[in-house]
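Please keep the sequence and the 3D view open while you read this note. The points are meant to be checked one at a time against the display.

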Amino acid sequence: MAAQVLAAPAAIGALLAGGIYAGRIFVGDEPFALVAAPKAGGEFEDVEWGVYSEIVQGALSNDDGFANTTAMVTAGSQLARDVRALQLGGHADWYLPSRLEALAMFVRLQELPTGDFARDWYWTSTQVAGDAGYAWLQGFLSGHQYHGGKDWSCRARAVRRVPIRSFDHSVIAEAA
């Protein structure tokens, strides 16, 4: 992942690190800025998740889309390979969002013009546990998530995450 550490911008939807700031997320205890790729170049239409008949080990995380996408690439997903091959805004660490990352994008960006999401279903990198034929989709009309057949043709939007500095509340406590 990116070695640069940024301060998060004040506004959701602001341009940041090659894309659109979709808010703060945590992977473990580490805070990251979730950055959605711009629609031009970062969105795929009518694509299948792929790897239809097997459970992809390592692609079950609800919050780590980077790890899921890496596992998808290893298993042979063309969608995952295409997303990981993106070079946008000088960055090459794009991946498919996990269920929670996709939900964060819906909640924070779906009504903003900078997000530019179609009112349609978008793939996440999270497959359905225990069912080799399905992965999770994020609806950008209603906000619902649904398990879709990996052979369905849907949309996908790449994301990346950038480490951010957390606000240090201890500084205020020490000053008081």
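The numbered points below go from the nonpolar cores to a strand, then to two backbone angles and a surface patch.

1. Before anything else, please bear in mind that this is a predicted model, and that the values discussed here were computed from it.

2. The largest nonpolar core is made up of 29 residues, and those with the most contacts inside it are F44, W49, L79, V83, W94, W123 and A156. Several elements, namely β3 (30–36), β4, α2, α3 (78–84), β6 (134–139) and β8 (154–157), each contribute at least two residues to this core, and the largest share, 3 residues, is supplied by α3. Apart from this core lies another one, of 18 residues, which includes I20, Y95, F117 and Y122. As background, nonpolar side chains in soluble globular proteins tend to be buried together.

3. W49 is a useful residue to select in the viewer, since you can then look for its partners beyond the residues up to four places away in sequence: among them are V56, A59, M72, L79, W123 and A135, and also S77, T124, Q127 and K150.

4. How many of the residues of strand β9 (residues 159–163) are buried? The strand is mostly covered, with 5 of its 5 residues buried. V159, R161 and P163 point one way from β9, whereas R160 and V162 point the other way; in a regular strand, the side chains alternate in this manner between the two faces of the sheet. The strands β3 and β9 run antiparallel and are joined by 5 bridges, and within β9 it is V159 that stands opposite A36.

5. Two backbone angles deserve a careful look, because most residues other than glycine have a negative phi. A17, in the loop between β1 (15–16) and β2 (19–27), has a positive phi of about 50 degrees although it is not a glycine. V51, in the loop between β4 (43–47) and α2 (65–75), likewise is not a glycine and has a positive phi of about 50 degrees.

6. Are these two residues buried or exposed? A17 has a relative accessibility of 18% and therefore counts as buried, as the cut-off for that word is under 20%. V51 is also buried, because its relative accessible area is 12%.

7. On the surface, L100, L103 and V107 form a nonpolar patch, and together they have about 260 Å² of accessible area. L100 belongs to helix α4 (residues 99–109), and it is described as partly exposed because its relative accessible area is 48%, which falls between the limits of 20% and 50%.

Terms used. Residues are numbered from 1 along each chain as its sequence is written. This is a predicted model: local features need pLDDT of at least 70, side-chain atom pairs count only at pLDDT 80 or more; totals for chains, interfaces and linings use all residues. Side-chain values use heavy atoms; hydrogens and water are left out. Patches are made of residues with over 30% relative accessible area and no salt bridge: like charges are joined within 9 Å, nonpolar side chains (Val, Leu, Ile, Met, Phe, Trp, Tyr) within 5 Å. Accessible areas come from the Shrake-Rupley method with a 1.4 Å probe; for residues, only the protein chains shown count as cover. A salt bridge is a side-chain nitrogen of Lys or Arg within 4 Å of a carboxyl oxygen of Asp or Glu. Helices (H or I, at least four residues) and strands (E, at least two) are DSSP runs, numbered from the N terminus. Buried means under 20% relative accessible area, exposed over 50%, partly exposed in between (1.4 Å probe, protein chains only). A nonpolar core is a set of buried Ala, Val, Leu, Ile, Met, Phe, Trp, Tyr and Cys residues joined through side-chain atoms within 4.5 Å. Contact means heavy atoms within 4.5 Å. Two strands pair if DSSP finds at least two bridges between them.
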